[in-house]
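Open the structure in your viewer and keep the selection tool at hand. The stops below go from one selection to the next.

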Amino acid sequence: MLNHYQHFPGFVYEKARHCAPTQTIEITVRPRRGSKPVCSGCHKPAPTYDHLNLRRFEFVPLWGCMVVFLYCMRRADCRACGVRVEAVPWGVGKHQLTKAYMLFLAHWARKLSWQETAASFRSTWDKVCQSVEYVVQWGIEHRQLGPIVAIGVDEIQYARGHKYLTLVYQIEQQCTRLLWIGRERTVESFEQFFTLIGEELAGQIEFVCSDMWQPYLKVIRERCSQAIHILDRFHIVAKMNTALDEVRAAEARRLARDGYEPVLKKTRWCVLKRKANLTKHQRFRLRDLLHYNLQTVRAYLLKEDFQQFWDYESPSWAGKFLDEWCCQVMRSRIEPMKKIARTLRSHRELILNYFRAKKQLSSGVVEGLNNKAKLTMRKSYGFRTFHVTEIALYHVLGKLPEPDVAHRFF
Ligand SMILES: [Zn+2]
């Protein structure tokens, strides 16, 4: 039966034993008579040198039982490499788990948290981590990087928000995936991405999408000067919301201090959420609020007014609108909003590139990918180190190729 389950040329299953107390199926494997071990250095057959002690390899569980291969590894006397441990088709290097089992665990680790995966298959967090690591490493070695037409770069907070990672995504309609992860969000870290892909691939990139973070802008200008650089809509809206929130919080404090009615209490989401997403209660609150002559209200109206900007088709009309909006804001005497207007003005061309590239790029892709990245990190507490965070993100978002096993188990 097991020969149908998975067949390895050169090896035979000798006997299977069910060990009831531990719910384990132990399968003894031995080399086919007359077969030679394969050298793990050069992958060529060589004469047997000697046998090592019995080793256990964990295989994919069957009917709720653990499955273990028992095998005495041979050492090969290779003419080219010397005495080497043999390479076996079900295992990799010193791993205790078989390839098939690592693929199996890694597959589930994409759907469940690593902790849940370990618990479901009576394994451990460390073994799930090893499995994901193996699959990701294999995938990175075998993936094809180019051609790359459009990339998006974004930062993400990790380690309880104390540190940043730089993530680079490919954001084409046919292919959206995580290409690269770097520590920090500095010029040096982002430059490593361009070193990875090389000048030729970098020269073919047509669109780059980013936020207004200076080091990113600088690297894109230098390494990707031929591409249309787009400032991401999502980031501009987010910046505006931050400014509005600042205005609201400061004004609420001022009203409280001067002994006025606390009209701004519990209005945070009324002004920050999109109108269409408000609850009935929030809609009423907002309608009330708009009767007051408050900075918050004026700032809110400016923000709402700006929404129209994204509906333009032509860059020149959009540019006109942008200029007028900025003028109006500069007269508003609301400092946080004025700061936004100044930022928009100084990045005018990059923002208008949004319209120049609109036809080719689906906006919001970066945002979607980043949300998925945040979710991956939230789901799994254990990701304290950069390395583990890195492989977890590649695993979920990298669309990496996977090693082949003779049989698929899922
Ligand atoms: Zn060899």
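In which helix does Arg248 lie? Select residues 233–257: this is helix α7, and Arg248 lies in it. Keep in mind throughout that the model is predicted. Arg248 has a relative accessibility of 11%, under the 20% limit, so it counts as buried. Now show its surroundings, leaving out residues up to four places away in sequence: Arg248 touches Leu264, Thr267, Arg268, Val271 and Thr296.

**Whole chain**

Zoom out and colour by secondary structure. The chain has 15 helices and 10 strands. Its radius of gyration is 29 Å, whereas the globule rule gives 22 Å for 410 residues; the chain is therefore more spread out than a compact globule. Aligned to the principal axes, the C-alpha atoms fill a box of roughly 90 × 50 × 30 Å.

Switch on the surface. The accessible area of the chain is about 21,900 Å², and carbon and sulfur atoms account for 52% of that. Of the 410 residues, 47% count as buried. Among contacts with a separation of 6 or more, 59% are between residues 24 or more positions apart. If you colour by charge, there are 64 positive and 40 negative charges, and the mean positions of the two sets are 5 Å apart.

**The nonpolar core**

Next, select Phe194, Phe306, Phe309, Trp325 and Leu344. These residues have the most contacts inside the largest nonpolar core, which has 123 residues. Add residues 99–111, helix α2, which gives the most to this core, with 8 residues. In soluble globular proteins, nonpolar side chains tend to be buried together.

Which residues does Trp325 touch, beyond those up to four places away in sequence? They are Met240, Leu302, Asp305, Phe306, Met337, Ile340, Ala341 and Leu344. Phe306 and Leu344 are thus in this list and also among the core residues with the most contacts.

**Helix α6**

Move to residues 214–223. The buried residues of helix α6 are Pro215, Tyr216, Leu217, Val219 and Ile220. What do these buried residues pack against? The strands are β6 (150–158), β7 (163–171), β9 (207–210) and β10 (228–231), and the helices are α5 (187–204) and α13 (348–356).

**Two residues with positive phi**

Select Arg333, in the loop between α11 (315–330) and α12 (335–346). Arg333 has a positive phi of about 60°, although it is not a glycine. Is Arg333 buried or exposed? Its relative accessibility is 72%, so Arg333 counts as exposed.

Then go to Lys399, in the segment after α15 (386–397). Lys399 is not a glycine either, yet its phi is positive, at about 45°. With a relative accessible area of 56%, Lys399 is exposed.

**Pro47**

For the last stop, select Pro47 in the loop between β2 (24–31) and β3 (48–62). A relative accessibility of 44% falls between the 20% and 50% limits, so Pro47 counts as partly exposed. Apart from residues up to four places away in sequence, Pro47 touches Lys36, Pro37, Arg75, Ala76 and Asp77. Finally, draw a distance from the C-alpha atom of Pro47 to that of Leu350: the two are 303 residues apart along the chain and separated by 66 Å.

Note on methods
Residues are numbered from 1 along each chain as its sequence is written. This is a predicted model: local features need pLDDT of at least 70, side-chain atom pairs count only at pLDDT 80 or more; totals for chains, interfaces and linings use all residues. Side-chain values use heavy atoms; hydrogens and water are left out. Helices (H or I, at least four residues) and strands (E, at least two) are DSSP runs, numbered from the N terminus. The radius of gyration is taken over C-alpha atoms; the globule rule is 2.2 Å times the number of residues to the power 0.38. Buried means under 20% relative accessible area, exposed over 50%, partly exposed in between (1.4 Å probe, protein chains only). Contact means heavy atoms within 4.5 Å. Accessible areas come from the Shrake-Rupley method with a 1.4 Å probe; for residues, only the protein chains shown count as cover. Lys and Arg count as positive and Asp and Glu as negative; His and the chain ends are not counted. The place of a charge is taken as NZ of Lys, CZ of Arg, CG of Asp or CD of Glu. A nonpolar core is a set of buried Ala, Val, Leu, Ile, Met, Phe, Trp, Tyr and Cys residues joined through side-chain atoms within 4.5 Å.
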